[in-house]
Amino acid sequence: MAEESSSLYAGTQNKVVSFINGELGEDITQLSKASKLLEKARAKKLELENKLSSARKGDGGISQSLNKAESSLKKIEDLLQKQQQAAKDIADHLEKAQPVVEQLVSLSSKVQQLERYVYYLEWILQVDEINSSIQAALLIKAEERCVKHYAQLAELSKTIAGSSCCHLVKFVNDTLMFWFKIILEKFGGEFEEILKAFNWPFITSNILKQLPQPSKEHVAELHAKLDSLFGSLLQLQLPEHLIAEDPIVAIIPEWRPLPLPLQLLLKPLRKRFKFHFCGKKLTNNIEKPEWYMTQVLSWIRDHSGFLKKRIQPLMDRAGLKYMDAVGEFSRGLMQLALEKLAADLPMIEDDVVFSHTVDETLLFNRELRSAGGAAATPGCLHVLCGDTIFDRWLTLENKFAAEKMDALLESESAWRLQYGDNMADVDDLMVPECTEAFMTVMLLITDRYSSLPYASHKMRFFELQLTLLEDFRIRLTQLMRDKHPLHASYCSILNAVNYIILVLKDWSDLPVFLQMQFYKVQYESFQASQHLESASDVAMETDADISDAASQPISPIVPRFQLSEVFQDFDPSKLDFIEGSIFDETIKLLEHIRNEMLRNIVETTVYDIKAKSRPYRNNRDRLHLMEQQLCRPLFDEAWQKLAEHLNKFFFEELILMNNFNEGGAAQLQYDMTRGLFPLFGDYTQRPENYFKDVKEACTLLTLKPGSAMLLSEVLAVVVHGGGGGDDDDDRTKRADPIAALHEGAIYRLGCDEAYRVLHLRTDLQP
């Protein structure tokens, strides 16, 4: 204890020493402050003693606060005791009530089970009542009542379709199917008899029959009966969950069943189709798909009138105005052709026969659409979009197009004009025969794939087109390298490149290529998002994940035939946010070749002219040859570039490099105005405007000596900062050199150039 006191004392002593040193510092003159520090410490001590005294007497409120805190703690303890007691009471009550609860739960479960039995029996009773009602209606031949009760049973089947009561579901569905077959046999038989009275189907064998003409009363009776049976058959349609999946669903997933009356209308035609094209008849020829396709189109054409006049009004009255009778009939016949086509295509080994079948299918689809009624149906091209079939089709398209390209470029008439040499005045573009034929092939490919149902398949065909265009561009480049720029074939190749550029720019605005651009932007956006996700996944992978993945085969980000979900429906309004066109890259490459070839022609022509003496004479033949070999737009560009080169050559290398006396200047002007400028007079009314440097130089060289001297003095002020000599007057210094040049019809040459040309005159030289 003594040690603790001494330690406390020492600590206090140190604090006091530190405090005094801090207040007084090391300056001995500050010791006078000690008395003030003592008084301040005594005042602080007194203040603390007073506060302590007040706290002991309860005047400061501390005692009251302590009392309240103690009271609150006591209340909390009481509440905790009550809570513990309440919890104990509740637990005791639950323990006593548990047997009752278990008994109630058991009773409730039994009640619910009994209720389910009741509901189950009610369902059976309801089905049994409907069953009896249908049977009674059939016995008394109450057709409307029979169909009404059947519709109630069909509604019950739809309602219970998702139930877990499998036996009840089976009972209801079996009952429905039982009555469906019986009612269909009765109503369907009557319906077919009425159709026979109308001489249905309208085929040659029926038309040749000499049937007696029915009376008007009998015809009216037939129409009334047809109307009644048609409506009844529509109500007899099975619910979708009971209809057996049609094989065509594997080809066209969105296929929907035909209305029941239309199925009966197609029944005799389906039999004939199977007999002729699916059996051992000679008409079942895998190499002649046009036979059964033509037959389908003939049946549609022959029956359209009856369907529009007799069947469509019945569908409208039955609430099926959104359906087209001819369209549904065509869809049913198209199903026959599709099933036949889907069975035949995998069996075709010969490429020629396969290509012929594809051609006939495309033609069949086009004629089916144009026949009317089938425009809203999925179409018959889905069968060509199967994985194996489509791959083979695309491969053959590439093969045949490449072979066609080779044949066109190797043809003796490849670089002749498509309409003949005598039609050059009519064909301003002067398109070679091979180029026109190649672009026709490209257009035919577009027509073939533009009707395909899936965007991913269209994009693959478009990629094929880009590949073929690139191959053709490379072939043209190779041919161009082997030709002299002034050779006729070289100019024909340039015409070909120019024509392809113009055609691709026109195609960029066609709806089919706007769709391709829309789909391309979507796919590129999808790929970008996939790469971002892949990068994120890679960043999160562990070493074990990476080692496991190393042994797995690499697969593409998106499988070729699972791209349908990537592409949204084409929306033209979104094209405003897409820059450029789908052919921009191809056009850019072609324009590079075009500019290079045009530059080679111009530079070669200029070099040829430069190499000759007095080059501006007797060269009309060279221009005329270029005019014959290049199309008008390219020739216009070529002769203007040629004029530009010649103007620069004559001005810089002929005029500025020589001195001219009066006779030489006159001869130069004569040669330019009478020899050079007229060469281009056939292509522009003012050829001298393309030789402004030469023209103005000739003007300066042929000025009268006095005018030339005055103009030289005016220009000297600008060029040298002073006059031409000591006798310059103020008028010369104040003259505007630009105005002086304009006064002499000099607008192109600047002051320095004009001054230099003037001093090429021997009469102005010292």
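In this predicted model, Phe178 is partly exposed, because its relative accessible area of 45% lies between the 20% under which a residue counts as buried and the 50% over which a residue counts as exposed. Trp179, by contrast, has a relative accessibility of 6% and therefore counts as buried.

These two residues also lead into the aromatic pairs, of which the structure holds 28. The ring centres of Phe178 and Trp179 lie 5.0 Å apart with their planes at 70 degrees, and the pair is therefore edge-to-face, since planes over 60 degrees apart are classed in that way. Another aromatic pair, formed by Trp639 and Tyr683, is tilted, with 5.9 Å from centre to centre and 35 degrees between the planes. This pair links distant parts of the chain, as Trp639 belongs to helix α20 (residues 632-655) while Tyr683, 44 residues apart from Trp639, sits in the loop between α21 (662-676) and α22. Both Trp639 and Tyr683 are buried, and ring pairs join them with Phe635, Phe677, Phe680, Tyr690 and Phe691 into a cluster.

Helix α22, which covers residues 692-701, packs against helix α26, residues 751-758, at an angle of about 50 degrees and with the two axes 9 Å apart. That angle makes α22 oblique to α26, and the crossing in which α22 passes α26 is right-handed. On the side of α22 the contact is made by Ala697, Leu700 and Leu701, and on the side of α26 by Ala754, Val757 and Leu758. Sorted by class, this contact of α22 with α26 has 6 nonpolar residues, with no polar and no charged ones.

How values were computed. Residues are numbered from 1 along each chain as its sequence is written. This is a predicted model: local features need pLDDT of at least 70, side-chain atom pairs count only at pLDDT 80 or more; totals for chains, interfaces and linings use all residues. Side-chain values use heavy atoms; hydrogens and water are left out. Axes are lines fitted to C-alpha atoms, for helices over the stretch in contact, and angles run from 0 to 180 degrees between N-to-C directions. Helices (H or I, at least four residues) and strands (E, at least two) are DSSP runs, numbered from the N terminus. Angles under 35 degrees count as roughly parallel, over 145 as roughly antiparallel, 65 to 115 as roughly perpendicular and the rest as oblique. A crossing is left-handed if the near helix is turned anticlockwise from the far one by less than a right angle, and right-handed if clockwise. Contact means heavy atoms within 4.5 Å. Ala, Val, Leu, Ile, Met, Phe, Trp, Tyr, Cys and Pro count as nonpolar, Asp, Glu, Lys and Arg as charged, and the others, Gly among them, as polar. Rings of Phe, Tyr and Trp (its six-membered ring) pair if their centres lie within 6.5 Å; planes under 30 degrees apart count as stacked, over 60 as edge-to-face and the rest as tilted. Buried means under 20% relative accessible area, exposed over 50%, partly exposed in between (1.4 Å probe, protein chains only).
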